[in-house]
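Subject: Structure handover

Hello,

Here is the structure I promised to pass on. Please open it before reading the notes underneath.

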Amino acid sequence: MDMYRILVVDDEEDIAELVRYNLTSEGYHVTCTGSGEDAIRLIRSEPFDLVVLDLMLPGMSGIRVAEALRSDSKFLNIPIIMLTAKGEETDIITGLGLADDYVTKPFSPKILDARISAVLRRKSGPSEKDILRRGDISIDPGKRRVEVCGEPVELSFTEFQILVMLCRRPGWVSTRSQIVDEVRGDNYPVTERSVDVQIVGLRKKLGPCGHYIETVRSVGYRLKENP
C-alpha cells in the first residue's frame with residue numbers, strides 16, 4: 001500500500017490535514033493542495049495513483065479539475081474520489097459522470113479509506129486484464145477502452161463500470177441497488193434515478209448496441225445473454 005501516491009485537493013486545511021493524517025497512517029504517500037490550478041500542475045509533474053477532490057474550490061472548481069483530467073488521455077485512468085459537502089441529487093449525478101466515487105461531508109475517515117482501497121483494487125485487480133466481448137461490444141477493462149463495431153467509444157467512469165458489470169453477468173438481472181453496491185460500494189449516497197440516468201447515457205453512446213441493455217420492469221437491468 002505504501003507505493004500508492006494520493007493527491008488530496010481541498011481548500012479546508014483542517015479537512016485536508018485530517019485526510020492526510022489518516023491516509024498516511026494507512027501507508028499511503030499523500031500530497032495536499034487547496035487549489036484546482038495547483039492540482040493540475042502537480043498531476044502533470046508527478047505520478048499519482050488516485051485523487052481525492054473537493055468540488056467547491058476557489059478559482060478552478062473540482063468539476064473543472066475532473067473534466068480537465070478526463071479530457072486528457074495521459075490522465076484518463078487516474079481514479080477520482082470526490083469528497084464534498086454538496087450532496088444534492090443533481091450534484092451526485094454530475095459527479096458520478098466524472099469520478100469513481102462520491103463521498104459527502106461530514107464523513108468517516110475509515111469509510112473514505114475503505115472507498116480508496118476499493119477503487120485501487122478495481123484499478124489493479126487481475127480480472128481487469130481480461131478482454132470482454134459481447135456481440136459487437138469489446139471491452140478492455142485494464143485500459144478502460146470500449147469499442148462498438150470496431151470503433152472506439154468514450155464513456156464516463158461510471159458508465160464504463162456499469163457496462164463492465166453487466167457484461168460480466170450476461171442474462172443476469174441486476175437491481176439498481178445492486179448496481180450501486182457493485183460499482184460504488186456499500187452505503188453509497190445515490191438514488192435509483194441516477195442509475196437510470198447513467199443507463200440512458202450508456203445506451204446512447206453504445207449506439208447500435210444500446211439495445212443490448214434491457215430494462216426489467218420494476219427490477220433493474222441486464223445485458224442480453226446472446227446479443
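The notes below cover the cores, one helix pair and a few backbone details.

Please keep in mind that this is a predicted model.

**The cores**

Start with the largest nonpolar core, which has 26 residues. Six of them touch the most other members: Ile137, Ile139, Val146, Leu163, Leu206 and Ile213. Several elements each supply at least two residues of this core. They are strand 7 (137-140), strand 8 (145-148), helix 6 (157-167), helix 7 (176-184), helix 8 (192-206) and strand 12 (220-223). Helix 6 gives the largest share, with seven residues.

Leu163 is a good place to zoom in. Leaving aside residues up to four places away in sequence, Leu163 touches Ile137, Ile139, Val146, Leu155, Leu202 and Leu206. There is also a second, separate core of 25 residues. Its members include Ala39, Leu53, Ile92 and Leu96.

How many of the eleven residues of helix 6 are buried? Eleven, so the helix is described as mostly covered. The buried set includes polar and charged names such as Thr158, Glu159 and Gln161. Phe157, Phe160 and Met165 are also among them.

**A helix pair**

Next, look at helix 2 (residues 36-45) and helix 3 (residues 62-70). Their axes come within 9 Å and cross at roughly 25°. Angles under 35 degrees count as roughly parallel, so helix 2 and helix 3 are roughly parallel to each other. The crossing is right-handed. Helix 2 makes the contact with Gly36, Ile40 and Ile43, and helix 3 with Val65, Ala68 and Leu69. By class, that contact has five nonpolar residues, one polar and no charged.

**Backbone details**

Three spots in loops deserve a look.

- The peptide bond from Lys105 to Pro106 is cis, with omega near -5°. Pro106 sits in the loop between strand 5 (101-104) and helix 5 (109-124).
- Cys149 is not a glycine, yet has a positive phi of about 55°. It lies in the loop between strand 8 and strand 9 (151-153). Its relative accessibility is 46%, so Cys149 counts as partly exposed.
- Ser218 also has a positive phi, near 65°, and is a residue other than glycine. Its loop runs between strand 11 (213-216) and strand 12. Is Ser218 buried or exposed? With a relative accessible area of 75%, Ser218 is exposed.

Best wishes

Key
Residues are numbered from 1 along each chain as its sequence is written. This is a predicted model: local features need pLDDT of at least 70, side-chain atom pairs count only at pLDDT 80 or more; totals for chains, interfaces and linings use all residues. Side-chain values use heavy atoms; hydrogens and water are left out. A nonpolar core is a set of buried Ala, Val, Leu, Ile, Met, Phe, Trp, Tyr and Cys residues joined through side-chain atoms within 4.5 Å. Buried means under 20% relative accessible area, exposed over 50%, partly exposed in between (1.4 Å probe, protein chains only). Helices (H or I, at least four residues) and strands (E, at least two) are DSSP runs, numbered from the N terminus. Contact means heavy atoms within 4.5 Å. Axes are lines fitted to C-alpha atoms, for helices over the stretch in contact, and angles run from 0 to 180 degrees between N-to-C directions. Angles under 35 degrees count as roughly parallel, over 145 as roughly antiparallel, 65 to 115 as roughly perpendicular and the rest as oblique. A crossing is left-handed if the near helix is turned anticlockwise from the far one by less than a right angle, and right-handed if clockwise.
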